[in-house]
Amino acid sequence: MTKETLQKITHLLGLSYQELAAESGYSFATIDSYMKGTRKPSEKIQRFLQKKIHDAYVSKDEAIVFLIESTKML
């Protein structure tokens, strides 16, 4: 996952970097390093975001449903 993809997913989910850190269990410094591209996002944060996307889809988040349905991601 690139830093740009991570930034876009975080924005789409409506999470600030601080909220992402708090919800995922990562420190803000780690999230910040992912967002700046100084560290590659871990598999764990990628799985965390996949679950957040799935949960948003199941709860019928309009933007997520549109994205998934229009691109056939699931």
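Me: What makes up the area that the protein chain exposes?
Reply: The protein chain exposes about 5,000 Å². Carbon and sulfur atoms supply 56% of it. Such areas come from the Shrake-Rupley method with a 1.4 Å probe; for residues, only the protein chains shown count as cover. This is a predicted model: local features need pLDDT of at least 70, side-chain atom pairs count only at pLDDT 80 or more, and totals for chains, interfaces and linings use all residues. Side-chain values use heavy atoms, without hydrogens and water, and residues are numbered from 1 along each chain as its sequence is written.

Me: Why is Q7 called partly exposed?
Reply: Buried means under 20% relative accessible area, exposed over 50%, and partly exposed in between (1.4 Å probe, protein chains only). Q7 has 28% relative accessibility, so Q7 counts as partly exposed. Across the protein chain, buried residues make up 31% of the 74 residues.

Me: What makes the radius of gyration of the protein chain agree with a compact globule?
Reply: The radius is taken over C-alpha atoms, and the globule rule is 2.2 Å times the number of residues to the power 0.38. For 74 residues, that gives a value near 11 Å; the protein chain has 12 Å, so the two agree.

Me: Which residues does Q7 contact, leaving aside its neighbours within four places in sequence?
Reply: Q7 is in contact with Y17 and M35. Contact means heavy atoms within 4.5 Å.

Me: How far does the backbone oxygen of M35 lie from a polar atom of the Q7 side chain?
Reply: The distance is 2.7 Å. A polar contact is a pair of N or O atoms within 3.5 Å; within protein, one must be able to donate a hydrogen and the other to accept it, and residues adjacent in sequence count only if both atoms are side-chain atoms.
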